[in-house]
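Here's an informal walk through one structure, strand by strand and pocket by pocket. Have the viewer open as you read.

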Amino acid sequence: MHLDTEPPSWRRKSNQNPLDSEKKLESGQSPITKRQRLVFQVHITRGDHEGRSMIISWVTPVEKYPNVVTYWEAGTKHLHKLQTHSEITTYRYYNYASGYIHHATIKDLTFDTKYFYEVASNEVTRQFSFTTPPKLGPDVPYTFGVIGDLGQTADSNRTLEHYMSNPIKGQAVLFAGDLSYADDHPNHDNTKWDTFGRFIEKSVAYQPWIWSAGNHEIDLASNLEETDPFKPYLHRYYVPYKASQSTSPFWYSIKRASTYIIVLSSYSAYGKYTPQYKWLEQELPKINRYETPWVIVILHVPWYNTNHYHYMEGESMRVQFESLFVQYKFDIVFAGHVHSYERSERISNIKYNITNGLSLPVRDINAPVYITIGDGGNMEGIANNFIYPQPNYSAYREASFGHAIRDIKNRTHAYYCWQRNQDNEPVVADSAWFFNRFFSYGG
Ligand SMILES: [Fe+2]
């Protein structure tokens, strides 16, 4: 990543203008000259560890302006508008040249407060709003949406629309990896990253999505001489990893209301003594369950999966980390990758030591529930290839597209449900009450 101060010299040499995809989406619009200061792909995510900062991102296709976000508290008598400049980055990928990608971190926000923000040029003003999370506390209710492997197909659109019109209103999205699926297109067609940014804007411009990286973010293509893994993802989706003393955007933590959220990377080294492992070790004692009773992990490759697709792919990572998850009584682990839905029982498989033969998962009241939510829409189809008979550690599984809601009530109780795209919004296909691992000992 680098900060550009001048238009890159290669911009006009590119044979693939980033506006091409924009044109397709808004046919009949004026030519580039009138559109060149428009603002696209607005998205927000958390900017710090506690909840008083937001990273606001947008793309300007041809010029690096507007590069300022203006924001203010809603409903205040004397409007006090503040401004923050963006950090600007660009990248090339094979024959693609990105627009100017802006990331502005706004700070010192008030908890539980609605803010308006706008990015404006002479030609256009685009205004959005968000609400900051409530102050941290053990009994603070909060509702997360959970989406994975979204893509940008008709199914993806149904998932997003379904989530947005769910009567249980999610306040932030936990995203389990695999965003645009640009890499499934010839030459990793990076205009698909642009269209994906536009597709999700209707939600992510108004509430933060908490990102984790999947295999479709790797974008490694030695045949195209693209040898920097995760290049498009890293330029487009900033995360506040330094706020949790992480050394990499692929693993980090944030606190939100009554929940401690840990993002891990299935595609970074996780063996003992690796940066990711050492970071998690240092992170664990920092979790104060009297402040944030709920601990949620997001990663991409599921550890418990009863689908032939990607079966056992998460095994080596499970072996490294699972005993820590049980020791620290984590509540829930969300994964994507497998393009279907599954919820596990509370189980662990940490007794096995090569010689003792104890290699089967067993019920474990201190273990988290594992949920595979890779059913966002992708572009490779549904993963309808389950292992039969259904192993007893699998509580519910189904090959349908959908999203989940995690509705935390207080320090002991959280409601969880999964909703299929083929049902009406209030219809719940799978649900469970969660009893906090630290404060209660119920099922
Ligand atoms: Fe996927």
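## Strand 8 and its partners

Ile-55 sits opposite Thr-105 of strand 8. That pairing belongs to a longer run: strand 2, residues 54-60, and strand 8 are antiparallel to each other, linked over seven bridges. Keep in mind throughout that this is a predicted model.

Strand 8 has another antiparallel partner in strand 5 (residues 87-89), this time over three bridges. Here Ile-88 is the residue that stands opposite His-102 in strand 8. How much of strand 8 is covered? Six of its seven residues are buried, so by the under-20% cut-off on relative accessible area the strand is mostly covered.

## The largest pocket

Strand 8 turns up again in the largest pocket, where residues 100-106 give the most to the lining, with three residues. The volume of this pocket comes out at about 380 Å³. In total 17 residues line the pocket, and those nearest its centre are Ile-55, Tyr-238, Val-239, Tyr-241 and Lys-242. So Ile-55, the residue opposite Thr-105 in strand 8, is also one of the residues nearest the pocket centre.

If you're thinking about chemistry, the lining splits by class into 11 nonpolar, four polar and two charged residues.

## The second largest pocket

Next comes the second largest pocket, with a volume of about 320 Å³. Its lining is made of 20 residues, and Tyr-304, Tyr-311, Asn-349, Pro-361 and Tyr-393 are the closest to its centre. By class, that lining holds 11 nonpolar, six polar and three charged residues.

## Nonpolar cores

Which residues touch the most other members of the largest nonpolar core? Among its 88 residues, that role goes to Trp-211 and Leu-264.

Leu-264 is worth clicking on. With neighbours within four places in sequence set aside, its contacts include the aromatic-ring residues Phe-250, Trp-251, Trp-279, Phe-321 and Phe-325. Leu-264 is also in contact with Gln-276, Leu-280, Val-297, Ile-298, Leu-299 and Met-317. There is a second, separate core as well, made of 17 residues, with Trp-58, Val-69, Leu-109 and Phe-130 among them.

## Cis peptide bonds

Now for some backbone details that you may want to check before setting up any calculation. The peptide bond running from Tyr-65 to Pro-66 is cis, and its omega is near 0 degrees. Pro-66 belongs to the loop between strand 2 and strand 3 (68-73).

Another cis peptide bond connects Tyr-388 with Pro-389, with omega at about -10 degrees. You'll find Pro-389 in the loop between strand 21 (369-373) and strand 22 (394-398).

## Positive phi in one loop

Asp-178 isn't a glycine, yet its phi is positive, near 70 degrees. Its place is the loop between strand 12 (172-175) and helix 4 (191-204). Is Asp-178 buried or exposed? Its relative accessibility is 1%, so Asp-178 counts as buried.

His-188 lies in the loop between strand 12 and helix 4 too. Its phi is about 55 degrees, again a positive value in a residue that is not a glycine. His-188 counts as buried because its relative accessibility is 13%, and the cut-off for buried is under 20%.

Technical notes: Residues numbered from 1 in each chain as written. Predicted model: local features only at pLDDT ≥ 70, side-chain atom pairs only at ≥ 80, totals over all residues. Heavy atoms only, no water. 1 Å grid on protein atoms, 1.4 Å probe; cavity = no way out; pocket = protein on both sides within 12 Å on 5 of 7 lines; lining within 4 Å. Points joined across faces, edges and corners; volume = space filled by probe spheres on them. Helix = DSSP H or I, 4+ residues; strand = E, 2+ residues; numbered from the N terminus. Nonpolar A, V, L, I, M, F, W, Y, C, P; charged D, E, K, R; others polar. Core = buried A, V, L, I, M, F, W, Y, C linked by side-chain atoms within 4.5 Å. Buried < 20%, exposed > 50% of the residue type's maximum accessible area, 1.4 Å probe, protein only. Contact = heavy atoms within 4.5 Å. Pairing = 2+ DSSP bridges.
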